[in-house]
Every structure is written in structure tokens, then in C-alpha cells.
Amino acid sequence: MEVPENGKSASLRHAFGNVFCFFILLLIGVLAFSIRLFSVIKYESVIHEFDPYFNYRVTQYLTKKGIYEFWNWFDDRTWYPLGRVIGGTVYPGLTLTAGSIWRLLNSLNIPLSVETVCVFTAPIFSAIAAWATYLLTKEVKGTGAGLTAAALLAMVPSYISRSVAGSYDNEAVAIFALIFTFYLYVKTLNTGSLFYATLNALSYFYMVCSWGGYTFIINLIPMHVLLCIVTGRYSPRLYIAYAPLVVLGTLLASLVPVVGFNAVMTSEHFASFLVFIIIHVVAFVYYIKGLLSPKMFKVAVALVVSVGMVVCCAVVAVLVALVASSPTKGWSGRSLSLLDPTYASKYIPIIASVSEHQPPTWPSYFMDINVLAFLVPAGIIACFLPLSDASSFVVLYIVTSVYFSGVMVRLMLVLAPAACIMSGIALSEAFDVLTRSVKFQLPGVSGNSQSGAGDTTSRTVDTQSDMVKTEKEPPTDRTEDTTKERTSKKKKKKEKEHVEKPSLKSQIQKRLLVLPLEASVIALLLLVLLGGVYVIHCVWAAAEAYSAPSIVLTSHSHDGLHVFDDFREAYAWLRHNTEVDDKVASWWDYGYQTTAMANRTVIVDNNTWNNTHIATVGTAMSSPEKAAWEIFNSLDVKYVLVVFGGLVGYPSDDINKFLWMVRIGGGVFPHIKEPDYLRDGQYRIDSQATPTMLNCLMYKLAYYRFVETDGKGFDRVRRTEIGKKHFKLTHFEEVFTTHHWMMRIYKLKPPKNRIRGKAKKSKSSSKGSTAASLKQSGRRKRNPWH
């Protein structure tokens, strides 16, 4: 009667555990969603940053025109006069996801605007990403580790920085796709199910649609497969997990217009194909090993290896030929900058000029992952106890993500899930050991556990004695065939192992892992305190560091809170005071916002696909006023927009970005030289600045009439007085400056007015010469009368 009761209680505990786990996951999802709403609560429901405005504009077009018009959309509002084919140059995953959510809500008679859906897409997918993290970590180390990792990911600041309400960028959905693809890969590794392998390919397809970081997946998984093969851990489950992903995933990826044939033609994907060949050779070797005798197997292996080497050499030769034909050896600029951190600064300044492409500092690790940085090593150690295919994959994931995050600060976002998984495993193992130590040493619990262990041991001995008696008794029927005897012996052996292992070995192992009671209690309190510090830091980061929208700035001083809404003020002026067909020139950072908020045509924007066009704008900003006017006039520019922070202390203005304009412009137009703008290697805007710097267009547009603000012309960002204070503009005229001087808009003076002026001068001079000639002729005519 004890067995059914124990089984019933175990099933009840299991059911209660599942329900409890479900509610914990629900609370984690609510936490992940709500902690990202500080930006809406403290400010307003608005799109953040620069790139999200382009995504918002594309989503608006998709919901109005439909999917077919979206694929064929040629946008003449950007990159004038070239334009841009949106459907073939954008990752459509985020747009299609938000558009589908909007249509679903409207079909349910929930009338939300497109902007509202875009604002809350990132918090919604943050909750889903936390659940995906639970699934992945559960496959590696169990339910406890999964719940801990999910809770950590819901609050990690690195992920919050890219998923607050209003952060409508590709990473909003891509991080979920990344984690879920890894989960399905590990699930397929553990089960060998072709169903999960197919789902894995579909999840990879969604990742390809969402973000260019999909190349991390298609290189990390082949690395893990190759690691398993080299370490002798090949199995049919590994083949099922990898082969369908390469075949189906590559075919699906090539359907995305922005990827196309790059899925099979670029170096980022060649590693997956090479490992695909290797795993087939290994699978064939294992297959023929089961068919042939050892002697024939050696001959067959020699034949297979020789043929495989020939095929591999041929494939490598083809790949080398394809790679050698490309000036970048088949790699994109961003990929080369990851492999060689100095590559972008040497050859592609447009990539190096982006702040999120810079290497992170040590404090940024503590800011973005906080105490997780100290828990990751413990999680790595726990993954080796014992080492499995799943745990080796997450170890490889954390190692590669640490490297890439050290090269580019943007990829801290890829490190965050790996750090949460490792920290969740470490905390789960630590709590398991510490709580077990407390449990075994408490007076009431230890006695029960000892008696339970004694009962289990006695039952084990009784079972063993019964088995021995059964074996000693002579068989009643001697005509039974040997197969039944072997089967019964195997069953008895399994029963012995089933009874002995959970009772004796587990009890011994648990006893060996017991720590002193006082140390266990103190360690538990310290871990709880560490978790509290992490929660406080995450809430602060979400509320203060990452919630403020970049388009609306705030500052605190002794007289209260100050709000700087200059960006929207300038874009509203452009929308209401300029013609629809007017072209606006600015540095590429502000192109997306100008197009989306001012609805005006821009010369360059944040897509940065045409380096020559951006270099042309950089050259104009670096040139004297007349030469700059000629460049802008050739591009049919009507207005020039400049961001200036010298009055209020806004550091991300165009003067601080100016050297990148010089470098990018000089990379295409050699007459622009960076040393001409530096004094003894230093960038200066004061009286020691070079004449080239003081006379360039950027300096004049930024500091025009600046001396009128305080009488000195003191720049609060550079903390110095400007060098050239009193000057006039001859080819540009100021038409609008925002309240805090952060946005300044200038209009090109029309060439006709200046030509008329020259014509008037020429006419007046001609009239003067005519009058003089008439006087002289009159004098000559009067002379004869004398």
C-alpha cells in the first residue's frame, strides 16, 4: 500500500510544482513588461532614438498600403537624388510583427494606433524572451536554474537599454528569436526529434528576418557541432539537430530580400557549409562501421577519408576562389571589424564613427550586467559537473559572446542572455547545496531524513535478499529458452540499479556536499543580499539611465527639472514652414528623424549604405562657406540642419562629431585632410584653432551669433571661449533656432539674387561709363564751337 500512496503524493507534488512554476513565470513576464514602462510613466508614449523612427515610418506604410506595396516600396524621401528600395534593404521581422499585432488588435475591435503598438512591442517581447530563457536553461540544468535565469534576464540592464517602451528597434524581437533558436537547437540535441529540428529552422528564419546578427547563430552552432565531433561526442541526435538547420535554414534565409544569395555567397556562412560536409563524412563513417568487419572498416575508412579529403579540397578551392575575388575577402565591414577590432578605424571610418561600435569600458560591464559578471565563472564551472552537449553549448555561447562584447559595445546585448543563463545555473546550484546543508542539519529534518535513508536501505537489503533467494531456487520448467532467462536477468539487474541508485548513492553524494550550518545560513543571506543589490541596480537603470527618450532631454539643477524639447520643435518648424519637396541636409544621424517627423526629403540617413554620398555631406560641412554652398546647391538642398549643444552643455552635437565628417569626407575626397583641422594634433575651437577650422561651414553654422548669448561666446561642452566670434554669412541665412539653441536651421541663399546683384552692379557701371563717355563726347562736341 505504500507504493501507491508514495506515487500519489509524488504526482501531487509534481502537479503543484508545475502550477507554482507557471505562476512564477507569469510574474516574471509581468516584471519584464512593467520594469520597461518607466519611459512612458515618467515622460510620454513616444518613439526613442534615431533608427526606431524609420521602423515606425515603415510600419505605418505597411499598415496603410499592405504587404505587397511594402515589398515594392521605392522611397524617394531618402538619399536624394538616389532614393532607396525599402523592401529589399530592410530586415522585415520587426515591421511585420508589429503590423500583425496591430491588425490582430483591430480585428478584435481594440482600436490602438500604430505608434502605440510600436511603443509597447519591445516590452511584450522582453517577457517572451524571459520565458524562452527559462526553456533554454531548463534543458541545460533543470527547472530551478531556468526560473532563476528568466528572472535575471527580465531585469538585466543591458537588455533593458534596448527594450524599454518606445525602443522600437530590431533587437526588440531579435533577442527573443536568438534565445528561442538556441533553445530549439538544445532541445533537438536532447531529444533527437525531427519536429524540433524543423521548428529550429523556422525560428532561425524569423531571426534572419529580424536582425543582421543572425550570423552569430549560423557560426556558433557549427562551432559547437565541430567541438562535439572533435571531442568524440557525435551522435545521431547531433546530426538531426544540425543538418535540417543548415538545409532548411539556408533556403528560408535566401527568401529574405535583404539577405538573398548572401546566404550562400558570403564568408559569414561558409563555416556552416564546411561543418555540414564534415558531419556527413563522420555520419557515413559511423554507418559503415556497423556494417563491416574491423578489417574491412579500416580499408573503407581509408577510402572515405581520401575521397573526403579530395572533396573538401575542391570545396575549399572554390570557396577560396570566391573569397579572393572580393576586396574584403567575402566578409562585410562589420564582420571584419569584429574579427579585427582595428579594421574599421583604418579602412571604414563610417563604421568606427558610430558610438555603439566602440569597445566598451570596464565600468560599462558593471553597469549593464552588474553582479552577473561575478557569477558567470561559477556557472561555467557548474556546467562541467557533469558536461553534456547542452552545457557545452552554453559554455561556448558565453565564451564567444564575451569576446564579441569586448570588441563592440552594442554586442553587450548578446552577452546579456548568456550571462543570465550562467548566473541562473550558478545561483540554482548554490541554493541547492546550501538549502540541502541546512535541511540535513536541522534537528527535525535530519532525523526524518536519516530514518528515511534507513528505511530505504533496509528495503534495498530485503529486495536484494529476495532476489538472491529467487535466483537460488531451481527453475520449475527447464525447457525455457535462453532468451527469456536473459530477459529476466536484465529486468532484475535494472530493478537492482533502480532501487540501489536513488537510495544509497544519492544519499552518500548529498551527505558529502553538506556544509556547516552556520556557513550555509550566512551564505544564503549573502546570496539574498546580492540579489537585492541586483534588483535595486536594475530598477535604477530602468528608471533613470535608460528610460529617457533621446528626442526629449531633461536635466536636473538646483532650480528643478529642465526639459529640452528642441528636436521636436525644429522638426515641427520644418514640417509647417517649408515646402513638401524641399530637401534638408544634415549629418546622417538625424536623417531618419527628419524624414519621419518633418516629412521632408533628406540627402543621407542612418542606413549608411552609400559611403560616397555621406562623404559628400561631410566634405560640404568641412569646406569653406562658398565651396559648401556649391556642393549643397548641386544636390538641390534648400535647408541645412545643425545640432549644437554649446549653450546648454549637450555633448552629442555636430561639433563633437565633426572630426568624423572630416575623416569620412577625406576618405573619398583627398583634398580634405584631418591635420588641417588640428593644432599640434589637438582638436580645438578656441583662438588656437587652425584657420581651416575657423572658416569651415560647420564652425560658422554652429557658432553664428553665439557670442550674443553671453557676450563671450563660452562653449559649455568644450569648456572654452570660441576663437572666431564676430562673422557674417554670405551664402546662408539663419531661418530658425530652437529655444535652447540645440537645433539651428539655415537656408541656402538663392543664386538668382546674387546674380541680380552682379547684374545691377554691371548695369550701374555700364551706365556710369556711358554717361562719362557722353560727357566726354559732349565736351568734344562743344570744343569745336569754341
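1. Start with Asp 169, in this predicted model. Asp 169 sits in the loop that joins helix H9 (157-160) to H10. Is Asp 169 buried or exposed? Its relative accessibility is 7%. Buried means under 20%, so Asp 169 counts as buried. Leaving out residues up to four places away in sequence, Asp 169 touches Asp 51, Pro 52, Asn 55, Leu 94 and Arg 162.

2. One of those partners, Leu 94, belongs to the buried set of H6. The others in that set are Gly 93, Thr 95, Thr 97, Ala 98, Gly 99, Trp 102 and Leu 105. What covers these buried residues of H6? The cover includes helix H3 (51-65), helix H7 (114-141), H10 and helix H11 (194-210).

3. The length of H6 can be checked. Helix H6 (residues 93-107) has 15 residues, and at 1.5 Å a residue it should span 21 Å. Its end C-alpha atoms are 21 Å apart, so the model agrees with the expected span. Just after H6 comes Asn 109, with a positive phi of about 60 degrees.

4. Next, the partners of H10. H7 packs against H10 at an angle of about 20 degrees, and their axes are 8 Å apart. Angles under 35 degrees count as roughly parallel, so H7 and H10 are roughly parallel to each other. Their crossing is left-handed.

5. Which residues of H7 and H10 meet? From H7 come Thr 121, Ala 122, Phe 125, Ile 128, Ala 129, Ala 132, Thr 133, Leu 135, Leu 136, Glu 139 and Val 140. From H10 come Ala 172, Val 173, Phe 176, Ile 179, Phe 180, Phe 182, Tyr 183, Val 186, Lys 187 and Asn 190. By class, the contact of H7 with H10 has 16 nonpolar, three polar and two charged residues.

6. H10 (residues 171-191) also packs against helix H22 (residues 389-407). The two axes come within 9 Å and cross at roughly 150 degrees. Angles over 145 count as roughly antiparallel, so H10 is roughly antiparallel to H22. This crossing is right-handed.

7. On the H10 side, the contact with H22 uses Leu 178, Phe 182, Tyr 185, Val 186, Leu 189 and Asn 190. On the H22 side are Asp 389, Ala 390, Phe 393 and Tyr 397. By class, there are eight nonpolar, one polar and one charged residues. Phe 182, Val 186 and Asn 190 of H10 appear in the contact with H22 and also in the contact with H7.

8. H11, part of the cover over H6, has a packing partner in helix H12 (residues 214-230). How are H11 and H12 oriented to each other? They pack at an angle of about 140 degrees, with axes 8 Å apart. The pair is therefore oblique. Tyr 204, Met 207 and Val 208 of H11 meet Tyr 214, Ile 217 and Ile 218 of H12. By class, this contact has six nonpolar residues, no polar and no charged.

9. Finally, the whole chain. The protein chain has 35 helices and 13 strands. Of its 786 residues, 46% count as buried. Among contacts with a separation of 6 or more, 72% join residues 24 or more positions apart.

How values were computed:
Residues are numbered from 1 along each chain as its sequence is written. This is a predicted model: local features need pLDDT of at least 70, side-chain atom pairs count only at pLDDT 80 or more; totals for chains, interfaces and linings use all residues. Side-chain values use heavy atoms; hydrogens and water are left out. Axes are lines fitted to C-alpha atoms, for helices over the stretch in contact, and angles run from 0 to 180 degrees between N-to-C directions. Helices (H or I, at least four residues) and strands (E, at least two) are DSSP runs, numbered from the N terminus. Angles under 35 degrees count as roughly parallel, over 145 as roughly antiparallel, 65 to 115 as roughly perpendicular and the rest as oblique. A crossing is left-handed if the near helix is turned anticlockwise from the far one by less than a right angle, and right-handed if clockwise. Contact means heavy atoms within 4.5 Å. Ala, Val, Leu, Ile, Met, Phe, Trp, Tyr, Cys and Pro count as nonpolar, Asp, Glu, Lys and Arg as charged, and the others, Gly among them, as polar. The expected span of a helix is 1.5 Å times one less than its number of residues. Buried means under 20% relative accessible area, exposed over 50%, partly exposed in between (1.4 Å probe, protein chains only).
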